[in-house]
Amino acid sequence: FKRMTDLDLQGKRVLIREDLNVPVKDGKVTSDARIRASLPTIEQALNAGARVMLLSHLGRPTEGEYEEQYSLKPVAEHLGELLGRPVPLVKDWLDGVDVEAGQVVLCENVRFNKGEKKDDEELARKMAALCDVYVMDAFGTAHRAQASTHGVARFAPVACAGPLLANELDALSKALLEPAKPLVAIVGGSKVSTKLEVLDALADKVDQLIVGGGIANTFLAAAGHPVGKSLCEHDLIPAARKLAEKVHIPLPVDVVVAKEFAETAEATTKTVDEVAEDDMILDVGPQTAHVFAALMKEARTIVWNGPVGVFEFDQFGEGTKELAEAIADSEAFSIAGGGDTLAAVDKYGIADRISYISTGGGAFLEFVEGKTLPAVAVLEERARD
Ligand code: 3PG
């Protein structure tokens, strides 16, 4: 695909699709990682003398309706602070936007337009008519074929990838398509069912597959260990067994259990065979954490998605903490992605010591699964024009 950095943007109307879908509470942005990740792209376009129009979605509003709680207003304010210049929010933008060279505006939530989610052609053509150059930079939304991520790229005079999107693809390709070995993946989270495709895809690629959280419980049950009243998908035990035949999955040898799922719950460490009927497994135990940490030391590539315990509650966060620190200390090329994972990266303060932190949640997983991201595919098609 074409890259924004190779184009002359002086005086051009440049429409940049970012993923500024960030958490907002009481009119304030509560985590601005995605906004910060988009800054280099925006600054480069401004410095190149472009007339910059930014597009993004926020949340999942009712299609085609203005809903104040999904307004990008807090994002425009926050972005303005980070850029050190005001970023006007344009409410009605589909019929044309006034913006001077070297200036930037943010267009209101693309999902307020009817047809955005179903990639409506008429809507996409209107967006394309706003610009000379369309820049797709929203890696986090690249798995969506929607008017502002896909359709617009078909009709814009020029369509290219922004620096953030290009960096994300480069980093993920390095980790998954040509990894230095051993390649170790950690897939945590509550359910096997939501990560089955990811686990399947990774099982074919990695040397070790570490599972954590509720996912690990299903694997423990598949290996014949008691799991008490832990989260566990018994119907997926056959699928778990099949995966375990394909790749080495180091199972926990000890776990941290509680009688209830609560911030104040008392934590007890047990071996996996001591788990009682009324126990809930909420973290891996210290011995297991050491084993996982040792694997991080040997790895040359690490792909991390999902915590290994309920790290929101400190007494069940030790496993994730030790793992996070081991990843940070490792010399491997490490990549982390997904909302919970990034919250863990923040909580344990290791962001600077991870080789690459992806802004993608669903998009990150789909890339790992080996799926084609439609917003990237269309850029490749356009490059062949
Ligand atoms: C995300 O947060 O994963 C992206 O911004 C995509 O959002 P969506 O799942 O609402 O399309």
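1. Which residues does Tyr 134 touch, not counting residues up to four places away in sequence? They are Leu 15, Ala 128, Val 152, Ala 153, Ala 156, Val 158 and Ala 159. Please keep in mind as you read that this is a predicted model.

2. Tyr 134 is a good way into the largest nonpolar core, which has 123 residues. Tyr 134 is listed among the residues with the most contacts inside this core, together with Val 14, Leu 15, Met 136 and Ala 185. Helix 5, residues 163-176, gives the most to this core, with 6 residues. Domain 1 and domain 2 both give residues to the core, so it lies between them. As background, nonpolar side chains in soluble globular proteins tend to be buried together.

3. A word on those domains. The domain assignment gives domain 1 as 4-164 + 373-383, and domain 2 as 181-331. Their C-alpha centres lie 38 Å apart.

4. Now to the ligand. Around it you will find Asp 19, Asn 21, Arg 60, Gly 140, Thr 141, Arg 144, Gly 361 and Gly 362. How many residues of this shell are nonpolar, polar and charged? There are no nonpolar residues, while 5 are polar and 3 are charged.

5. It helps to set this shell beside the UniProt record. An unreviewed entry there places a "binding site" feature at Asp 19, Leu 20, Asn 21, Arg 34, His 57, Leu 58, Gly 59, Arg 60, Arg 111 and Arg 144. Asp 19, Asn 21, Arg 60 and Arg 144 from this annotation also appear among the residues around the ligand.

6. Asn 21 deserves a visit. You can find Asn 21 in the loop between strand 1 (13-17) and strand 2 (24-25). Is Asn 21 buried or exposed? Asn 21 counts as buried, because it has 22 C-beta neighbours inside 10 Å. Not counting residues up to four places away in sequence, Asn 21 touches Arg 34, Ser 56, His 57, Leu 58, Gly 59 and Gly 140.

7. From Asn 21, one contact leads to His 57. His 57 sits in the loop between strand 4 (51-55) and helix 2. With 26 C-beta neighbours inside 10 Å, His 57 counts as buried. Leaving aside neighbours within four places in sequence, His 57 is in contact with Asn 21, Asn 109, Val 110, Arg 111 and Thr 141. Thr 141 is also one of the residues around the ligand.

8. Following the chain onward brings us to helix 2, residues 73-83, whose buried residues are Val 75, Ala 76, His 78 and Leu 79. An α-helix has 3.6 residues a turn, so residues three or four places apart point the same way. What do the buried residues of helix 2 pack against? Their partners are helix 1 (33-47), strand 3 (28-29), strand 5 (89-90) and strand 6 (104-107). After helix 2 comes Gly 84, which has a positive phi, near 75°.

9. The unreviewed UniProt entry also has a "binding site" annotation covering Lys 195, Glu 312, Gly 338, Gly 339, Asp 340 and Thr 341. Glu 312 lies in the loop between strand 14 (301-305) and helix 10 (318-329), and counts as partly exposed because it has 14 C-beta neighbours inside 10 Å. Asp 340 belongs to helix 11, residues 339-347. With 18 C-beta neighbours inside 10 Å, Asp 340 also counts as partly exposed. Beyond its neighbours within four places in sequence, Asp 340 is in contact with Gly 189, Gly 306 and Pro 307.

Definitions and conventions: Residues are numbered from 1 along each chain as its sequence is written. This is a predicted model: local features need pLDDT of at least 70, side-chain atom pairs count only at pLDDT 80 or more; totals for chains, interfaces and linings use all residues. A residue is near a molecule or strand if its C-beta atom, placed from the backbone, lies within 6 Å of it. Ala, Val, Leu, Ile, Met, Phe, Trp, Tyr, Cys and Pro count as nonpolar, Asp, Glu, Lys and Arg as charged, and the others, Gly among them, as polar. A nonpolar core is a set of buried Ala, Val, Leu, Ile, Met, Phe, Trp, Tyr and Cys residues joined through C-beta atoms within 7 Å. A residue is buried if 20 or more other C-beta atoms lie within 10 Å of its own, exposed if 12 or fewer, and partly exposed in between; C-beta atoms are placed from the backbone. Helices (H or I, at least four residues) and strands (E, at least two) are DSSP runs, numbered from the N terminus. Domain bounds come from an automatic or database domain assignment. Two residues are in contact if their C-beta atoms, placed from the backbone, lie within 7 Å. UniProt positions are given in the numbering used here, feature names are shortened, and annotations may be inferred rather than shown by experiment.
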